[in-house]
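Hi everyone, thanks for coming. I'll walk you through one structure today, so have a look at it first and then we'll go through it together.

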Amino acid sequence: MGTVHAKAEENFTEAPAFGDKNIFREPTETFSFKEVDLEAVRARVDKINVDGLSRTKNDIVEDCIKELFKAKDFQDVLLKAHRVSQSQAGRAGVFQEHLRVHRHEQGPEGHVRRLGSDVQREGAQAGNGGVTTHVGNNEGALLVGMRAPNLFGRGERVQMEYSHGSKKTSNFNVAFIKPFRGRHRPTLTTSVFQTHSEWPTSGYKQVERGLLVDLGFYSAPLLKHNVQWEGNIRDLNVLSRTTSFNVREQCGLNLKSALKHILSVDLRDDLIFPQQRVALPADVGDRRPGRRRGVPEERLLPAGELFHSRGFHGVSVLQACLSGGHMSSLSNDMKISMSDMYYLGGPLSVRGFQMRGVGPHSDSDALGSMSYWAAGLHLFTPLPFRPGRGGFGELFRTHFFVNAGNIGNFQSVKGEDLVEALRANLRLSYGLGIALRLGNMARLEVNYCFPHAFDKGDQVHRASSSASGCSSCNVRHTPLGVLPLRVRVNRIVEHLKCTFEEISRIPTIVYEICCLIK
Amino acid sequence: MASNETKSSIDVEIETKTIFGYKGLGEMVLDFSFVDEETKTPPPVGITQEPWPKDVKVFQPYEVEQILLPDNANCLSVQAFLKMCHLDFQVEPRANAEAMSPTLKVPFIKAGRFVISELEGIVQFVNGKGISLTDKLDNEQKADMRAYMSLIHNVIEVAELYICWIDQETYNEVTSVRNGSVYPWPLNYVQNFIKKHQVIKKLKALDWYNKTLEEVLQEVENCCEALNARLDGKNYFFEDNPTELDALVFGHLFTILTTPLPKSDLANIVRNYPQLINLVQRIEKEYFKKETKH
């Protein structure tokens, strides 16, 4: 066990300082923990005993706990101790930490108290693994992972993942991750991957085998940069004999070598939905076969944060999102493959259309475009009349939305006003539905969509539009047959996690803090 | 006649299903199974009665820098066959022609909405348009013709693969350079490795992988001997009119004779048969020279 020894200041010459902060202590008042102003409680960390870490190198442990010595008061100690667990070493799986604060010793006459704060650190095992399920992008996947954390004692880890999805995607990935010390918390990731995916809406399947080198660092506490290089051999093939010839023309091997810069502001709050995130990922350029420039993918979910942070317990939430992308070829002999194109339509982008249903098609296979934008406005409210209030009914929300977007090769009409080009042929759909929270697993939406403006080539549900003057986008085999319903499973995080790690010989650090309470 | 047509069109349907059902399995058995199927069923008359479309394109790899001996032979056979049928087409070179083909083999043609690959499939498709080079042949002759065609597929074509991919000198100097020419580094090495692996697998299945070069050349010589005997001084294999067999023989022999390789053993063998060379020259003069004069 490791111990932190923190004592009340022995040098009472500084006493005026905490005398100033003595805003809660009246001599006549009986002491109550609830009233403690932690900031006024002076504390000092003298000694930290580290025990039970065998692989972990000293420098990295020192690095991440040295902040604790700078703590001035009890609140500081608590915060810093917590921050240690959030530190890079902690996140890299060097050790995990539990913070437990308890009253350790009562001082005489209620003036001096010793508080003990145990911070336990459990070193991660030499290797562990898990089987998880993962739902996202309208697909469920089974994920098998193994990892060897803290391989060489400085937070390096090797992890291996295999996932198999319900839509015949499979993914294999071996990664080596090495965090570095430093103010910007740099992390180097190298991985080798192989991904199979099938895109029935575009009539092709693809196998990707590649190498990824990623350097991530923070320039501000929440502002994360990733500089990535990805070398990728892609084998594109048609799905069936009836696939359009335009897709067939794209078959074969091609090489993609891409340099990316991704900028993200991470505002997740670890609650139910993980997508509480304002992200501005930007690929700076692809060397081959084409490059994406500018800010090709821009995702702004300011209200998304609100929605997610309140989860389903808030009252009504308004959510707005905007995304857009543009790419252009570096030279004529570098062709941009179908798999790099932008697609629009479907449960995750513009509702009211089939998956990839907006934009150019050839024999009902979506071909994709070089630019797009999409926006959405969503209102989530409690169910009308609030059935099951406070219980089961809280899992449901009523959902109203308006989606708009456009896709095309806007660059070709550069001579004209760009705004005009972006607005021409605008797709618009609106609708309403019910959103259901499925545990911590997924959000399920059942929506009735009315595509308001669409193009001839777009794939909307003709059958229902002829009957009711409206149309909808739906999953092809909707269980309700005639009803144009669309099911959307939003992106999910967590998992049915069953780990088979061994819990024995847990290395632990205990902080013991002695505080003076006046 | 009408009922006959419908009947045969059903046959064609089954036929295509068989072909594509086997796609991707070991190709070595396929050549034989095609032939067996074909000999059982009469040549199809009329998949559709639409005339020959105008925008027919033959897709094949780039001739100058990419194409390999066996592929070139097959592409030339198809071109020769279409020319023998006096059908219009354009040659469309594509670097990824092989991946585009439904059977992953070149050449293939695109006629309207149809995409048909390899000589056998194309012959059937053309027959479906009511155009046939084998109308006048009786069943026995047709069976003969198919036997010879399968002989070429199973001997000459395999020998070409052997020379290109297994013979180290040819592989290093010609095959690897040409096959990888359309891919950027390092994809060219990857692609060569994959392709070589596929060819070795096929040759192992056919029991050709362990043969020595001499044995391979001996097989080719036997095959040429058989063809020579069949030709027997006639203008074409079956009397005075060319058939798809002539197209196939022309494609392979012409390519062997004209392709410069580090080892000219194959060409030397063919040169021992002046009758076959005459046939090749005759077809070239008749069907290809005219084109160049245009």
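So, what percentage of the 518 residues of chain A count as buried? The number is 47%. Keep in mind that we're looking at a predicted model here.

Let's stay with chain A for a bit. Its secondary structure adds up to eight helices and 25 strands. Now take the contacts in this chain whose partners are separated by 6 or more positions: 61% of them join residues that are 24 or more positions apart. As for the outside, chain A exposes about 25,600 Å², and 58% of that comes from carbon and sulfur atoms.

Okay, zoom in on the surface. A:L142, A:V144, A:M146, A:M160, A:Y162 and A:F172 make up a nonpolar patch of about 500 Å². Two elements of chain A each give two or more residues to this patch: β6, residues 139-148, and β7, residues 157-165. The top contributor is β6(A), with three residues.

Let's pick one patch member, A:V144, which sits in strand β6 of chain A. Why does A:V144 count as partly exposed? Because its relative accessibility is 34%, and partly exposed covers anything between 20% and 50%.

Over to chain B and helix α6, residues 139-166. This helix has 28 residues and spans 39 Å from first C-alpha to last, close to the 40 Å expected at 1.5 Å a residue. Where is the kink in α6(B) centred? On B:I152, with a bend of about 25°. And α6(B) is mostly covered, with 21 of its 28 residues buried.

That's my tour, thanks for listening!

Definitions and conventions
Residues are numbered from 1 along each chain as its sequence is written. Chains are lettered from A and ligands numbered from 1 in the order in which they are written. This is a predicted model: local features need pLDDT of at least 70, side-chain atom pairs count only at pLDDT 80 or more; totals for chains, interfaces and linings use all residues. Side-chain values use heavy atoms; hydrogens and water are left out. Patches are made of residues with over 30% relative accessible area and no salt bridge: like charges are joined within 9 Å, nonpolar side chains (Val, Leu, Ile, Met, Phe, Trp, Tyr) within 5 Å. Accessible areas come from the Shrake-Rupley method with a 1.4 Å probe; for residues, only the protein chains shown count as cover. A salt bridge is a side-chain nitrogen of Lys or Arg within 4 Å of a carboxyl oxygen of Asp or Glu. Helices (H or I, at least four residues) and strands (E, at least two) are DSSP runs, numbered from the N terminus. Buried means under 20% relative accessible area, exposed over 50%, partly exposed in between (1.4 Å probe, protein chains only). Contact means heavy atoms within 4.5 Å. The expected span of a helix is 1.5 Å times one less than its number of residues. The bend at a residue is the angle between axes fitted to the seven residues ending there and the seven starting there.
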